[in-house]
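User: I'd like a close look at one part of this model, please. Could you start from a single side chain and then work outwards through its surroundings?

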Amino acid sequence: MDRLEETTISRTIISTFHDKLLDRIVNDVLIVGAGPSGMMAAIRLARDGFKVTVLEKRLSPGGGLWGGGMAMSQAVIQDEALPLLDEIGVAHESASGGLHTTDAVELAAGLCLKTVQSGAALFNLMMVEDVCVQRERVTGVVVNRPLIGETLPVDPIMFSANAVVDGTGHDAAVVQALRRRGLLADVFTDRSREGPMDAAAGEAFVVENVAEAFPGLWVSGMSVCATFGGPRMGPIFGGMLLSGKRVAELVAAAVKEMRK
Ligand code: 48F
């Protein structure tokens, strides 16, 4: 090998990153938030041939998974979600009460890897701060770097898509951007209506209430509860994976319809 040139390292990072970024300005689907629901949706949609980009504000994708429950890094999963663990390729064990467990770190890492290997682009350190709306439809999102966007007068850039998924968990950040502008005022009046803990009801709610909350914007995972007022469920993660699978089905059907 030739002598390592520091400038070649820099050029390689800059050119490959910006090629990738340029390719992802226009998408079939933008997923905001790389938690379990957002990444499960990305895996399914990318596998089915859609151009999918995931935008995550933190350094590490994985959302609330890493810490399991109270920083004990085990994820609890119910029967219905076991096929999804097999699809992601992570090990699991039976536990009492008809439940199963998996290593939360393995599941978070497995979701990250499978998302990228399925063909989705996953960008970290990208914070969605607003939405693009044209003719009363969400057509994309407005993105800045966390810290820079929060502290300095630096303008954001925009990404477009036929469908946007709010997978930002308790924040429901994209829904809140619409609320701040009064665009959801007729339907939802509270800033956040997430209810107190009820694990069984919450797990069902995040799957049954996956929906297009505004034309062009779907909600999945915990942001379903934050948007429509479902109960929180604590450290059980099967509902998040099933919610991601459900939103992928609805978004795939909608995007196919738009292409006709
Ligand atoms: O919170 P998170 O894991 O959402 P989820 O997929 O799963 C919820 C569970 O982890 C847990 C639970 C289970 O019982 O209740 O909370 O619904 O992942 C959401 C991701 O979105 C990112 C955030 O950093 C996290 O990784 N996020 C939040 N706001 C933004 C964002 C934003 N404005 N822009 C980009 N990413």
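Leaving aside its neighbours within four places in sequence, which residues is Thr-102 in contact with?

Analyst: Happy to walk you through it. A word on the source: this is a predicted model, in which local features need pLDDT of at least 70 and side-chain atom pairs count only at pLDDT 80 or more, while totals for chains, interfaces and linings use all residues. Residues are numbered from 1 along each chain as its sequence is written, and side-chain values use heavy atoms, with hydrogens and water left out.

Now to your residue. Not counting neighbours up to four places away, Thr-102 is in contact with Gln-74, Ala-75, Ile-77, Leu-85, Val-90, Ala-91, His-92 and Leu-107 (contact means heavy atoms within 4.5 Å). Thr-102 sits in strand 5, residues 99-103 (strands are DSSP runs of E with at least two residues, helices are runs of H or I with at least four, and both are numbered from the N terminus). With a relative accessible area of 2%, Thr-102 is buried (buried is under 20%, exposed is over 50% and partly exposed lies in between, using a 1.4 Å probe and protein chains only). A polar atom of the Thr-102 side chain also lies 2.8 Å from the backbone oxygen of Ala-91, so Ala-91 appears both here and in the contact list.

Let's step out to the sheet around strand 5. This is an open sheet of three strands in the order 3-5-4, with antiparallel pairing (two strands pair if DSSP finds at least two bridges between them). Strand 3 (74-78) and strand 4 (93-94) form the edges; each has a single partner strand, so one side of each lacks a neighbour in the sheet. Between strand 3 and strand 5 there are five bridges, in the antiparallel sense. One residue of that pairing is Gln-74, whose bridge partner in strand 5 is Asp-103; Gln-74 is also one of the contacts of Thr-102.

Another threonine is worth setting beside this one. Thr-53 belongs to strand 2, residues 52-55, and is buried, at a relative accessible area of 0%. The Thr-53 side chain makes a polar contact of 3.5 Å with the side chain of Arg-24 (a polar contact is a pair of N or O atoms within 3.5 Å; within protein one must be able to donate a hydrogen and the other to accept it, and residues adjacent in sequence count only if both atoms are side-chain atoms). Residues up to four places away aside, Thr-53 touches Arg-24, Asn-27, Val-29, Leu-30, Ile-31, Ala-121 and Phe-123.

That leads to strand 1 (residues 26-32), where six of the seven residues are buried. Strand 1 pairs with strand 9 (residues 157-166) in the parallel sense over six bridges, and with strand 2, also parallel, over four bridges. Val-32 takes part in each pairing: its bridge partner in strand 9 is Asp-166, and its partner in strand 2 is Leu-55. From strand 1 the chain crosses through helix 2 (residues 36-47) to strand 2, and this β-α-β crossover is right-handed (with the strands pointing away from the viewer, the path from the first strand over the helix to the second runs clockwise).

The ligand comes next. It is surrounded by 28 residues, the closest being Glu-56, Gly-64, Val-128, Met-222 and Gly-234 (a residue is near a molecule if one of its heavy atoms lies within 4 Å of it). A polar side-chain atom of Glu-56 lies 2.6 Å from an oxygen atom of the ligand. A backbone N or O atom of Pro-36 lies 3.3 Å from a ligand oxygen, and Ile-236 likewise places a backbone N or O atom 3.3 Å from an oxygen of the ligand. Taken alone the ligand exposes 730 Å², and the protein buries 94% of that (Shrake-Rupley areas with a 1.4 Å probe).

Finally, the loop between strand 2 and strand 3 holds Gly-62 as well as Met-70. Gly-62 is buried, at 0% relative accessibility, and touches Ala-34, Gly-35, Pro-36, Met-39 and Ala-108, residues up to four places away not counted. Met-70 is exposed, at 75% relative accessibility, and has a positive phi near 45° although it is not glycine.
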